[in-house]
Amino acid sequence: MHDHERQASDSLAIGLILALSAGCQDAYTYVMRGKIFANAQTGNIIMMSQCIVLGDWHDVLRYALPIVAFGAGIFFTEQVGGNLKQLSSIHWRQIIVILKIAILFLVGLLPKEYNVVASLMVSVVCALQVQAFRHAGGNVYVTTMCVGNLRSGTAALSEFCRTGDKQKLKRAGFYYTIILAFASGAAMSMFFATFFAMKTIWISCALLFVSFLLMMPRKSRDKIEKGGVFIMPEFSLPIFWLLLLIVLGLVEIFTQGLATIWFCGGALVAAICAIIGLGLSVQIGVFLIVSIILLVFTRPIAVKKIKPKTISTN
């Protein structure tokens, strides 16, 4: 099977999940790990340059190390992709995803005293992703930052306005959807940081694990094929959403932070969509939309109802 021919890793569903994960990672390192950008190395270069001018050599090193780590991750991923493309039992991109999950899990275990090390590890993960996942639906894109996607999407929108070509409008929608997923991941990370602190990065691990499952090679499972994109067997999708609902419910029981319970609602609706046969992209979209609506509009009401009333005393 050719590298870019009918690969599940080239699907929009995978792109959305990876963008969600990347947004979570970038917000996590900035908010929780000393205001260092994991993805946006341009920002690190600017900050490093400012520190050089100010003579703050300690911070020069703090911003330079993620840049070096990012470059090392790019080099490593290219080597893996070049040497392991012929594997038949597992796709080389799945190996990259497994490595990313392992690194991010370790990051969640590091205390704040190791913020520099944690940021370096997340920078490596971002480099692995940006090098390994660059195509989806015939479009060249980036899941770990927004500038290139914003340029491509706006250019396609301009071409649609000028020519009326609906394919250009569809292309613009693709890029703007990826940007929206990235922003949603960042917002999700900042929200859950209140409850899970350093372990918030494990949300990215969960998202990456979902992408790993969706990239299972055709020969290893009984798959169906739709539109040239391999997806999970239809019977397993409702099971996946129901298992996710159970996991999120257990997390809510142990944390009691009114944080993950709303995503249970999204998982339940997504499971219903899977049962009636709606596509995977629709299921993911419904999961995100329902969860966000419940989180934004229902949680404040629940907090007011559950919050114990204080009685003023003299």
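**Exercise 1. How many helices and strands does the secondary structure of the protein come to?**

Before you start: this is a predicted model, where local features need pLDDT of at least 70, side-chain atom pairs count only at pLDDT 80 or more, and totals for chains, interfaces and linings use all residues. Residues are numbered from 1 along each chain as its sequence is written, and side-chain values use heavy atoms, with hydrogens and water left out.

Solution. Look for DSSP runs, numbered from the N terminus: H or I of at least four residues for a helix, E of at least two for a strand. You should end up with 11 helices and 4 strands.

**Exercise 2. Find the residues at the heart of the contacts in the largest nonpolar core.**

Solution. Start with burial: 46% of the 314 residues count as buried (under 20% relative accessible area, 1.4 Å probe, protein chains only). Next, join buried Ala, Val, Leu, Ile, Met, Phe, Trp, Tyr and Cys residues through side-chain atoms within 4.5 Å. The largest core has 70 residues, and Val 97, Leu 104, Val 107, Met 188, Phe 192, Trp 241 and Phe 263 touch the most other members. Helix α1 (residues 12-32) gives the most to this core, 11 residues. Apart from it there's another core of 6 residues, including Met 48 and Cys 51.

**Exercise 3. Describe how α1 and α7 cross.**

Solution. Fit lines to the C-alpha atoms over the stretch in contact, taking angles from 0 to 180 degrees between N-to-C directions. The axes of α1 and α7 (residues 166-196) come within 7 Å and cross at roughly 40°. So α1 is oblique to α7 (not under 35 degrees, not over 145 and not 65 to 115).

Key. Buried < 20%, exposed > 50% of the residue type's maximum accessible area, 1.4 Å probe, protein only.
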